[in-house]
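This report sets out the fold, the helices and the nonpolar packing of a single protein chain. Please keep the sequence and the coordinates at hand while reading.

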Amino acid sequence: MTVKRSAGLLLFRTREGRLEVLIAHMGGPYWASRDAGAWSIPKGEYEPGEAAEAAARREFAEELGLPAPDGERVPLGEARQANGKLVTVWAVEGDLDPARVVPGTFRMEWPRGSGVSVEFPEVDRVAWRTPREAAPLLVRGQETFLARLEEYLAGRASR
């Protein structure tokens, strides 16, 4: 069995002395009425042969409709989500106005079994949250990236 892989960018900033991360609520009918566990770091699947970091930049742009921010990419490693997907994430410091997001779309049969193909946004909203606020919202398995980011920033501050 081939393991599905995703790569993403965790955008972070400091506002009024507080660390904030940008997270995205997944689009489509399955996630519409959910909040806890329905948010994600902007990321997406990639195929063997594609560099994970390049996929992370591509997926950021596809999901949010904005170019991936420039800046130092801080590797936060890999983690396995509850669905078995292996996710690789880089953190990058930057800012983004959620009102500027123009999400990409995907098509799926909806309602299931209807034969009707409907287009949905890949994400239906994005928000800045502190790591503590973001953790319970994220898909299980991604919260570890928040802890890794905080560890990195604590180490950077002590230098």
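The account below moves from the overall fold to the helices, the cores and some local details.

**Overall fold**

The structure is a predicted model. It contains three helices and nine strands, arranged along the sequence in the pattern β-β-β-β-α-β-β-β-β-β-α-α. The radius of gyration is 16 Å, close to the 15 Å given by the globule rule for 159 residues, so the protein is as compact as a globular protein of that length. The C-alpha trace spans about 60 × 35 × 25 Å along its principal axes. Of the 159 residues, 47% count as buried. Among contacts between residues at least 6 apart in sequence, 64% join residues at least 24 apart.

**Two helices and their buried faces**

The table places helices H1 and H3 side by side.

| Helix | Residues | Expected span | Distance between end C-alpha atoms |
|---|---|---|---|
| H1 (52-64) | 13 residues | 18 Å | 18 Å |
| H3 (143-157) | 15 residues | 21 Å | 22 Å |

For H1, the end-to-end distance agrees with the span expected at 1.5 Å a residue; the distance for H3 likewise agrees with its expected span.

The buried residues of H1 are Ala52, Ala55, Ala56, Glu59, Phe60, Glu63 and Leu64. Viewed down the axis of H1, these residues fall within an arc of 140°, so they line one face of the helix. Their cover includes strands S1, S2, S4 (43-45), S6 and S9 (123-129). Just after H1, Gly65 adopts a positive phi of about 70°.

In H3, the buried residues are Phe145, Leu146, Leu149, Tyr152 and Leu153. They cover an arc of only 125° around the axis, which puts them on the same side of H3. These residues pack against S1, S2, S5, S6 and helix H2 (131-134).

**Nonpolar cores**

In soluble globular proteins, nonpolar side chains tend to be buried together. Which residues have the most contacts inside the largest nonpolar core of this model? They are Leu10, Val21, Leu76 and Leu149, in a core of 22 residues. At least two residues of this core come from each of strands S1 (5-15), S2 (18-26), S5 (74-80) and S6 (86-93) and from helix H3. The largest share, five residues, is supplied by H3.

Leu149 illustrates how H3 meets this core. Leaving aside neighbours within four places in sequence, Leu149 is in contact with Leu10, Phe12, Leu19, Val21, Leu76 and Ala91. Apart from this core lies another, of 20 residues, which includes Leu11, Ala68, Leu96 and Val123.

**Strand pairing and local details**

Strands S5 and S6 run antiparallel and are joined by five bridges. Within this pairing, Glu78 has Thr88 of S6 as its bridge partner. The hairpin of S5 and S6 has five residues between the strands, and Gly84 in this hairpin takes a positive phi near 95°.

Pro121 lies in strand S8 (residues 117-121). Is Pro121 buried or partly exposed? Its relative accessibility is 29%, above the 20% under which a residue counts as buried and not over the 50% needed for exposed, so Pro121 counts as partly exposed. Excluding neighbours within four places in sequence, Pro121 is in contact with Gly27, Gly28, Pro103, Gly104, Thr105 and Phe106. Pro121 and Val3 are 118 residues apart along the chain, and their C-alpha atoms are separated by 25 Å.

Key: Residues numbered from 1 in each chain as written. Predicted model: local features only at pLDDT ≥ 70, side-chain atom pairs only at ≥ 80, totals over all residues. Heavy atoms only, no water. Core = buried A, V, L, I, M, F, W, Y, C linked by side-chain atoms within 4.5 Å. Buried < 20%, exposed > 50% of the residue type's maximum accessible area, 1.4 Å probe, protein only. Helix = DSSP H or I, 4+ residues; strand = E, 2+ residues; numbered from the N terminus. Contact = heavy atoms within 4.5 Å. Expected span 1.5 Å × (residues − 1). Arc of directions from axis to C-beta. Pairing = 2+ DSSP bridges. Rg over C-alpha atoms; globule rule 2.2 N^0.38 Å.
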